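Here's a protein model to look at together. Take a moment with the picture before you read on.

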Amino acid sequence: PTSYIAMHFAVTADDGLTPEVVAARAGREAKSVAALRANQARVTTLADFAEWLYTTHLCYAAGRQGEIGDFAEMKADPALKSY
């Protein structure tokens, strides 16, 4: 399919971040890019996107709200704590 969306990422300085946090963020971002590429291959229509958004994406899938919990991961993950 023809792509009508272009994504560009801006780099920001790592000022104030420890090497551990920078490495954790890089690892998390690599996983996110891999997930994005997998979704890009599978979600090719607006209908596919709506289905993915409301059944898979944790923030929007009503059936998955129980998985959110108390955000324990955000409290423990060095990358998530740094945002």
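What follows is a short walk through the helices, a surface patch, two kinds of side-chain pair and a few single residues.

First, some ground rules. This is a predicted model, in which local features need pLDDT of at least 70 and side-chain atom pairs count only at pLDDT 80 or more, while totals for chains, interfaces and linings use all residues. Residues are numbered from 1 along each chain as its sequence is written, and side-chain values use heavy atoms, with hydrogens and water left out.

**Helix H1**

Helices here are DSSP runs (H or I, at least four residues; strands are E, at least two), numbered from the N terminus. Let's start with H1, which covers residues 19–42 and has 24 residues. The expected span of a helix is 1.5 Å times one less than its number of residues. For H1 that gives 34 Å, and the end C-alpha atoms are 35 Å apart, so the two values agree.

Which residues of H1 are buried? They are Val21, Arg25 and Asn39. "Buried" means under 20% relative accessible area, "exposed" means over 50%, and "partly exposed" is in between (1.4 Å probe, protein chains only). The buried residues of H1 pack against helix H2 (46–55) and helix H4 (78–81).

**Ala79 in helix H4**

Helix H4 is where you'll find Ala79. Its relative accessible area is 1%, so Ala79 is buried. A contact means heavy atoms within 4.5 Å. Leaving out residues up to four places away in sequence, Ala79 touches Ala24, Arg25 and Arg28. Ala79 and Glu20 are 59 residues apart in sequence, yet 8.5 Å apart in space, C-alpha to C-alpha.

**A nonpolar patch**

Now look at the surface. Tyr4, Ile5, Met7, Phe9 and Leu36 form a nonpolar patch there, with about 670 Å² of accessible area together. Patches are made of residues with over 30% relative accessible area and no salt bridge; like charges are joined within 9 Å, and nonpolar side chains (Val, Leu, Ile, Met, Phe, Trp, Tyr) within 5 Å. The areas come from the Shrake-Rupley method with a 1.4 Å probe, and for residues only the protein chains shown count as cover. One of the patch members, Ile5, sits in the segment before H1. Ile5 counts as exposed because its relative accessible area is 68%.

**Two kinds of pair**

Side chains of opposite charge can pair when their charged atoms come close. The rule for a salt bridge is a side-chain nitrogen of Lys or Arg within 4 Å of a carboxyl oxygen of Asp or Glu. How many salt bridges does that rule give? The count is one. Arg64 and Glu67 form a salt bridge, with 2.8 Å between the closest N and O atoms. Arg64 itself is partly exposed, at 25% relative accessible area.

Next come the rings. Rings of Phe, Tyr and Trp (its six-membered ring) pair if their centres lie within 6.5 Å; planes under 30 degrees apart count as stacked, over 60 as edge-to-face and the rest as tilted. Searching the whole structure turns up one aromatic pair. Phe49 and Trp52 make a tilted pair, 5.7 Å centre to centre with 35 degrees between the planes. Both lie in helix H2, three residues apart, which is about one turn of the helix. Phe49 is partly exposed at 39% relative accessible area, whereas Trp52 is buried at 18%.

**The loop between H2 and H3**

Helix H3 covers 72–76, and Cys59 is in the loop between H2 and H3. Ala61 and Gln65 lie in that loop too. Here's how exposed each one is:

| Residue | Relative accessibility | Class |
|---|---|---|
| Cys59 | 57% | exposed |
| Ala61 | 1% | buried |
| Gln65 | 36% | partly exposed |

What does Ala61 touch, not counting residues up to four places away in sequence? Its contacts are Leu53, Tyr54, Thr55 and Thr56. With that same exclusion, Gln65 touches Leu58, Cys59 and Tyr60. Finally, the C-alpha atoms of Cys59 and Glu20 are separated by 27 Å, with their positions 39 residues apart along the chain.
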